[in-house]
Amino acid sequence: MPSDTLAARAASATAPPDDGTDRTVPRIVPRRRTGQWAAAAAVLVLLALALRSVVRNDAFQWDVVADYFLTTAVLRGLGLTLWLTAAVMALGFVLGTLLATMRLSANPVLRGVSWGYVWLFRSTPVLVQLLFWFNIGALYPTILGIKTVHLLGPVTIALIGLTLHEAAYAAEVVRGGILSVETGQLEAAQSLGLGAWRRLRRIVLPQAMRSIVPPAGNMLIGTLKGTSIVSVIAVQDLLYSVQLVYHRTYQVIPLLLVATLWYIAVTSVLGVGQYYLERHYARGTAGAR
């Protein structure tokens, strides 16, 4: 057998199999992130230790938390908190939408009034506003011949104060959403002969919702937690209800945990709803997921 044939066979026996890959291209090796994994492990250990300390700490009195979690007083306070949150958000966004359209109006008087409203109610703390409304009888004993002393109950005062405060922020949210709509959409609607109200309702607002929903969801969660401030004017919301209990039993920590767990549960549900609502309005865009 010729020597060149033997050499060819030996070379083919030692050569790597031809699997179609280019042996000249270097193999890509994933970067080892040892530091990140070590940091993640340390964080998990710390979280586990913190959770263990909370669960096994007798000072939290978890048995008392379980006893009061579903009591009638707590559930009644929770119901008032949810009702107040829904009413304030609905009325606040109705008034805020009106203020936003006034702010975008060509009329300088409407623009000035809307700007002044937003400036005033965003510049003063909501607690101060509630206290002013609570003492409206001292400021104006009579309005149009009607005595204002004891005219408004604590719940009505809370509803009015929180709504007026919320409307100032809702106006800016709605205005930002309207400004996010391309002007070409408005020009096309005008060319079709649509009136201002129909342009706003059928063209602008549906597209503006993509920008309105995320901050509106944050406002909703903030309003839910912010309703706890009405306890200073003796509105029996969730926080005030647990305060009444621990003033009688002196079990402050477990009753505050009851309120905390309810706030966490409700805000978690609202967060899930906000996620799906955002995904609904983001359909057909890069933000859809």
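This passage looks at the largest pocket and at the aromatic pairs of a predicted model.

The largest pocket offers about 360 Å³ of space. Its lining is made up of 13 residues, and those nearest the pocket centre are Leu 104, Ile 178, Leu 186, Leu 200 and Val 204. Helix H8 (154-179), helix H9 (183-191) and helix H10 (196-226) are the elements that each contribute two or more residues to this lining. The largest share comes from H10, with four residues. Sorted by class, the lining of the largest pocket counts eight nonpolar, four polar and one charged residues.

Turning to the aromatic side chains, five aromatic pairs are found in the structure. In one of them, Phe 60 and Trp 62 have ring centres 5.8 Å apart and planes at 25°; the pair is therefore stacked, since an angle under 30 degrees counts as such. Both partners reach the surface in part: Phe 60 is partly exposed, with a relative accessibility of 21%, and Trp 62 is partly exposed at 31%.

A further pair is formed by Phe 69 and Trp 262, whose ring centres lie 4.5 Å apart with planes at 5°, so this pair is stacked as well. Phe 69 sits in the loop between helix H3 (62-68) and helix H4 (72-103), while Trp 262 belongs to helix H12 (residues 252-281); the pair therefore ties together parts that are 193 residues apart in sequence. Phe 69 has a relative accessible area of 24% and is partly exposed, whereas Trp 262, at 15%, counts as buried, because the cut-off for buried is under 20%.

Technical notes. Residues numbered from 1 in each chain as written. Predicted model: local features only at pLDDT ≥ 70, side-chain atom pairs only at ≥ 80, totals over all residues. Heavy atoms only, no water. 1 Å grid on protein atoms, 1.4 Å probe; cavity = no way out; pocket = protein on both sides within 12 Å on 5 of 7 lines; lining within 4 Å. Points joined across faces, edges and corners; volume = space filled by probe spheres on them. Nonpolar A, V, L, I, M, F, W, Y, C, P; charged D, E, K, R; others polar. Phe/Tyr/Trp six-rings, centres within 6.5 Å; stacked < 30°, edge-to-face > 60°. Buried < 20%, exposed > 50% of the residue type's maximum accessible area, 1.4 Å probe, protein only.
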